[in-house]
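I am opening a fresh notebook page for this structure. I will look things up one at a time and write down what I find.

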Amino acid sequence: MKAQAADAGKPARELPGPRTDEITMVGVLQALADPQRLEIVLRIAAHAGENCTVISDGMNLHKSTLSHHYRVLREAGVTQTWAQGRSRFTTLRRDDLNARFPGLLDSVLSALTHEGTPIPPARP
């Protein structure tokens, strides 16, 4: 988990999401049905554990819209998010998704990559 210097001494707090056995196929597919959320998932796959602001850098979406998309992904069980100070960090719940729906996440990421969806580099 990466942390900014200003937040270095503060404990991390995981934001709520479903337990592994509560993740549903319908919820995951609904969360992945939005093109912006698919792009966010691709970015998280490339830059896991990064600050949400860094992951979504360059997306032409308002902060409240980005927050909504991150919340939908977290509540569906696609991502795990934790707060450290005022920063939010996120990663994909690969193990949990593979336990519930083997190969689903890898198939989605592979299809997007083959489709040519670019994954922009993270800011330094």
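**Entry 1: a charged residue**

Does Arg93 count as buried or exposed? I looked up its relative accessibility and found 11%. The cut-off for buried is under 20%, so Arg93 counts as buried. I note here that I am working from a predicted model.

Next I asked which residue the side chain of Arg93 meets in a salt bridge. The partner is Asp96, at 2.8 Å from N to O. Asp96 is partly exposed, with a relative accessible area of 23%. So this salt bridge joins a buried residue to a partly exposed one.

**Entry 2: the overall plan**

I stepped back to the whole chain. I find six helices and three strands. Along the sequence the pattern reads β-α-α-α-α-β-β-α-α. The protein has 124 residues, and buried residues make up 42% of them.

I also checked how contacts spread along the sequence. I took contacts between residues at least 6 apart in sequence. Of these, 70% join residues at least 24 apart.

**Entry 3: the sheet**

In what order do the three strands of the sheet lie? The order is 1-2-3, the sheet is open, and the pairing is antiparallel. Strand 1 (12–14) and strand 3 (87–92) stand at the edges. Each has a single partner strand, so one side of each is left without a neighbour in the sheet. From one strand to the next, the twist averages 30 degrees.

I then went through the pairs. Strand 1 pairs with strand 2 (residues 79–84) over three bridges, in the antiparallel sense. In this pair Ala12 stands opposite Gln84 of strand 2.

Strand 2 also pairs with strand 3, again antiparallel, over six bridges. Thr79 has Leu92 in strand 3 as its bridge partner. These two strands form a hairpin with two residues between them. I looked at the turn and found Gly85 with a positive phi of about 65 degrees.

Is strand 3 mostly covered or mostly open? It is mostly covered, since five of its six residues are buried. I also looked for what lies across the sheet. Helix 2 (residues 35–46) lies across strand 2 and strand 3. Helix 2 runs at about 90 degrees to strand 3.

**Entry 4: helix 1**

Which residues of helix 1 (residues 25–32) are buried? I list Gly27, Val28, Ala31 and Leu32. Seen down the helix axis, they fall within an arc of 125 degrees, so they line one face of helix 1. The face turned away from that buried side carries Val26 and Gln30, both exposed.

I add a reminder to myself. An α-helix has 3.6 residues a turn, so residues three or four places apart point the same way.

**Entry 5: helix 4**

Helix 4 (residues 63–76) came next. It has 14 residues and reaches 20 Å from its first C-alpha to its last. That is close to the 20 Å expected at 1.5 Å a residue.

I looked up its buried residues: Leu66, His69, Tyr70, Val72, Leu73, Arg74 and Ala76. What do the buried residues of helix 4 pack against? They pack against helix 1, helix 2, helix 3 (52–55), strand 2 and strand 3.

Just after helix 4 I find Gly77. Its phi is positive, near 95 degrees.

Helix 4 also holds a salt bridge between the side chains of Glu75 and Arg71. The N to O distance is 3.1 Å. The two residues lie four apart, about one turn of the helix. Glu75 is partly exposed at 44% relative accessibility. Arg71 is also partly exposed, with a relative accessible area of 34%.

**Entry 6: the other salt bridges**

How many salt bridges are there by count? I get six. Side chains of opposite charge can pair when their charged atoms come close.

One of them joins the side chains of Glu22 and Arg19, at 3.2 Å from N to O. Arg19 counts as exposed at 52% relative accessibility. Glu22 is partly exposed, with a relative accessible area of 41%. I followed this pair further and found a network of salt bridges that links Arg19, Asp21 and Glu22.

Technical notes:
Residues are numbered from 1 along each chain as its sequence is written. This is a predicted model: local features need pLDDT of at least 70, side-chain atom pairs count only at pLDDT 80 or more; totals for chains, interfaces and linings use all residues. Side-chain values use heavy atoms; hydrogens and water are left out. Two strands pair if DSSP finds at least two bridges between them. Axes are lines fitted to C-alpha atoms, for helices over the stretch in contact, and angles run from 0 to 180 degrees between N-to-C directions. Contact means heavy atoms within 4.5 Å. Buried means under 20% relative accessible area, exposed over 50%, partly exposed in between (1.4 Å probe, protein chains only). The arc is that of the directions from the helix axis to the C-beta atoms. A salt bridge is a side-chain nitrogen of Lys or Arg within 4 Å of a carboxyl oxygen of Asp or Glu. The expected span of a helix is 1.5 Å times one less than its number of residues.
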